[in-house]
Structure formats: structure tokens, C-alpha cells
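Colleague: I am new to this structure and should be grateful for a close look at a single residue and its setting. Please explain each term as it arises.

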Amino acid sequence: MSVFTVPKDKQEISVHFEQGVTSGGMIFLERYPEERSIHSKLSAFLEEPTSFFPFLVTEKNTTELLNKKQIRAIEIDYADKYLEISFMHIEDMTVFFKDGSVISGTILTDAPAALSRLSDCLNFPDKFITVKTGDRLFYINKEMILKVVSR
């Protein structure tokens, strides 16, 4: 009997849930034939229509299936030399979540000049926005946001 497997790339992340609960581990991103940045792979992964994804919890060495809609944010190391991101719109802002937590940073979006207001960027159909804070990137679930204030 032959076993069919789909090659995947592991990516270390921290998953932030409501009330400040965080879990570290690995997700499995599609391996594309053409070279794509980790940012492109992670963004595509988060925007896929599937609700659940496998998450290898580092601390427990077990796999859990997480619901994307229940994730407040996914965090990765921005200092990663393989990240390679270029954006058309960058704006400092503070994100206020429904649970009272806050993230301040810079929103990074690939917005054309005609749609580069913060409100335009937040209203794109993507489910997650990208925010840079120091040497960390946060992929924030827009459903968890209460409000955003430009700084």
C-alpha cells in the first residue's frame, strides 16, 4: 500500500487567544513550487476558507485542531531573514480587542494609492491584517477587533 503525503513547510508561531492566553508551536504551510516568502505563505494559509488547522503544541508535543475564528492573533518573528515583505501602505495604529487587550504597531498592507486610507485597509475582504511591532509580526483576526485608532 502506498501512502500519499503532501509536502509542507513547518513555521514556528505563537497563537494568541482571548484573555491573554498564548500557545507556542508549529503550523504546516503549503510548499509552493515557486519561491514564496513566509509572509505570503502565512497570509494565504490564514485566508483559506477552511476553519480548522493542525497546530503542533511545543510544550505538550501534541497536535490540536484550532479554529481560525477563535484566534485573536498569530505572531511570528519579523527578524527572520526569509520573511521578505514589501508593502504599499504603512501606518502607525493601535488595535483594541473585544477582550480589552491592545496591540500598538504599524499596519502593513498591499494597498493601491487610491485605497490607502486606514479605513480602506481595514475593510479589505481579508480576514486578517498584518501589524509590525518591534521585531514581531502579528496577523490579527479582524473579527476580534473592537476598534482601531491611528497614531
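Modeller: The residue chosen is T94, which has its place in strand β6, residues 89-97; helices (H or I, at least four residues) and strands (E, at least two) are DSSP runs numbered from the N terminus. Residues are numbered from 1 along each chain as its sequence is written. The model is predicted, so local features need pLDDT of at least 70 and side-chain atom pairs count only at pLDDT 80 or more, while totals for chains, interfaces and linings use all residues; side-chain values use heavy atoms, with hydrogens and water left out.

T94 counts as buried because its relative accessibility is 9%, buried meaning under 20% relative accessible area, exposed over 50% and partly exposed in between, with a 1.4 Å probe and protein chains only. Leaving aside residues up to four places away in sequence, T94 touches V102, I103, S104, K147, V148, V149 and R151, where contact means heavy atoms within 4.5 Å. With S104, the side chain of T94 also forms a polar contact of 2.9 Å; such a contact is a pair of N or O atoms within 3.5 Å, and within protein one must be able to donate a hydrogen and the other to accept it, residues adjacent in sequence counting only if both atoms are side-chain atoms.

Strand β6 belongs to an open sheet of 10 strands, in the order β4-β3-β2-β1-β5-β9-β8-β7-β6-β10, with antiparallel pairing. Its edge strands, each pairing on one side only, are β4 (62-67) and β10 (145-150); two strands pair if DSSP finds at least two bridges between them. In the protein chain as a whole, 39% of the 151 residues count as buried.
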